[in-house]
Amino acid sequence: MMAIQPIVQCVQLSKRYGKKYALNHLDLSIPAGKIVGVLGPNGCGKSTLFRAITGLIAPDEGELRVLGQPPGWQTNRHIGYLPDRARWYPRHTALQAFEWGASFLPGFDLEAAKTFAAYMDVDLEMSLAGMSKGQEARVMLILCMAREVPLIILDEPFAGIDFISREAIISGMIDYLEDREVSILISTHDIQEVEGLFDYIVLMDQGKAIWSGESEELRGQYGSLHDVFRTFYKREWSR
């Protein structure tokens, strides 16, 4: 039987800013077809890893393969990426944002975006300027999720969003992704609300992966993700 190729593979991957390592000889292999929580304290290297995967930054050392290839424009056509500070043009309605996304984002499915919007209770005729932060976040997420691509990367998609909106977003994600073959990498500080979403966990600290594996294995050893953070990081998880 042919082995399944990892969706992301890092070998001794390093990225420095000045003398500080954002990624410090990172070794990591992430299996395909999983919803992966990439977790850790602020400054542990999560966002740097995501930017390296999408080719926005070049590593200083080591090897990185995404979808079996070095990252670049060819792999980016097959990645949906939501950075931690994503914004859209405020004068657009949600529908106009989706129509514009359909015009230039490879694999964007406009009908899927409308379906996802219905799951998340997004008013297609409302302008982004008139939306709450939670509503706008749902639109940004849909722009990323409504693409037929094998890899989706979400960097802090729930940051600053109220509890009710987070529930709607997570519920919509679970329902919408049920029959899709896609790998999703998610970094978040809102671990208590989303830990049931993850199939696989990567714990990072100081630019390294200090644990990676199936989420059920991690919970079986340590309990909830809150307990995991107390065990691995020896401090309370700050929300």
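Let me begin with a term: a residue counts as buried under 20% relative accessible area, as exposed over 50%, and as partly exposed in between. The model I am presenting is predicted, and I shall use this term first for its charged pairs.

At 40% relative accessibility, Glu 63 falls in the partly exposed class. Its salt-bridge partner is Arg 65, with the closest N and O atoms 3.8 Å apart. Arg 65, at a relative accessible area of 33%, is partly exposed as well.

The structure holds six salt bridges, and two others deserve comment. Glu 61 and Arg 16 meet through their side chains at 2.8 Å, N to O. This pair links distant parts of the chain, since Glu 61 belongs to strand E4 and Arg 16 to strand E1, 45 residues apart. Glu 61 has a relative accessible area of 31% and is therefore partly exposed; Arg 16 is partly exposed at 32%.

The other is the salt bridge between Lys 34 and Glu 214, at 3.2 Å, N to O. Lys 34 sits in the loop between E2 and strand E3, whereas Glu 214 is in strand E9, so the pair ties together parts 180 residues apart in sequence.

I turn now to the sheet. Three strands form an open sheet in the order E2-E1-E4, with antiparallel pairing. Why do E2 and E4 each have one side without a neighbour in the sheet? Both stand at the edges with a single partner strand, so one side of each is left free of a neighbour. On average, neighbouring strands here are turned by 25° against each other, direction ignored. Between E1, residues 8-17, and E2 there are seven bridges, and Lys 15 stands opposite Leu 23 in E2.

Next, the interior. The largest nonpolar core has 49 residues, of which Val 139, Leu 154 and Met 173 touch the most other members. Helix H5 supplies the largest share of this core, eight residues. Apart from it lies another core, of 26 residues, including Cys 10, Cys 44, Leu 64 and Val 66. Returning to Met 173, its contacts beyond four places in sequence include Phe 116, Met 120, Leu 141 and Phe 158.

I close with Arg 138, in helix H5, residues 133-145. Which side chain of opposite charge is nearest to Arg 138? That is Asp 121, 5.0 Å away; Arg 138 is buried yet has no salt bridge. The cut-off for a salt bridge is 4 Å, so a pair at that distance does not qualify. Arg 138 nevertheless touches Asp 121, and among its other contacts are Met 120, Val 122 and Ile 169.

Technical notes:
Residues numbered from 1 in each chain as written. Predicted model: local features only at pLDDT ≥ 70, side-chain atom pairs only at ≥ 80, totals over all residues. Heavy atoms only, no water. Pairing = 2+ DSSP bridges. Helix = DSSP H or I, 4+ residues; strand = E, 2+ residues; numbered from the N terminus. Axes fitted to C-alpha atoms, helices over the stretch in contact; angles between N-to-C directions. Buried < 20%, exposed > 50% of the residue type's maximum accessible area, 1.4 Å probe, protein only. Lys, Arg positive; Asp, Glu negative; His and termini not counted. Contact = heavy atoms within 4.5 Å. Core = buried A, V, L, I, M, F, W, Y, C linked by side-chain atoms within 4.5 Å.
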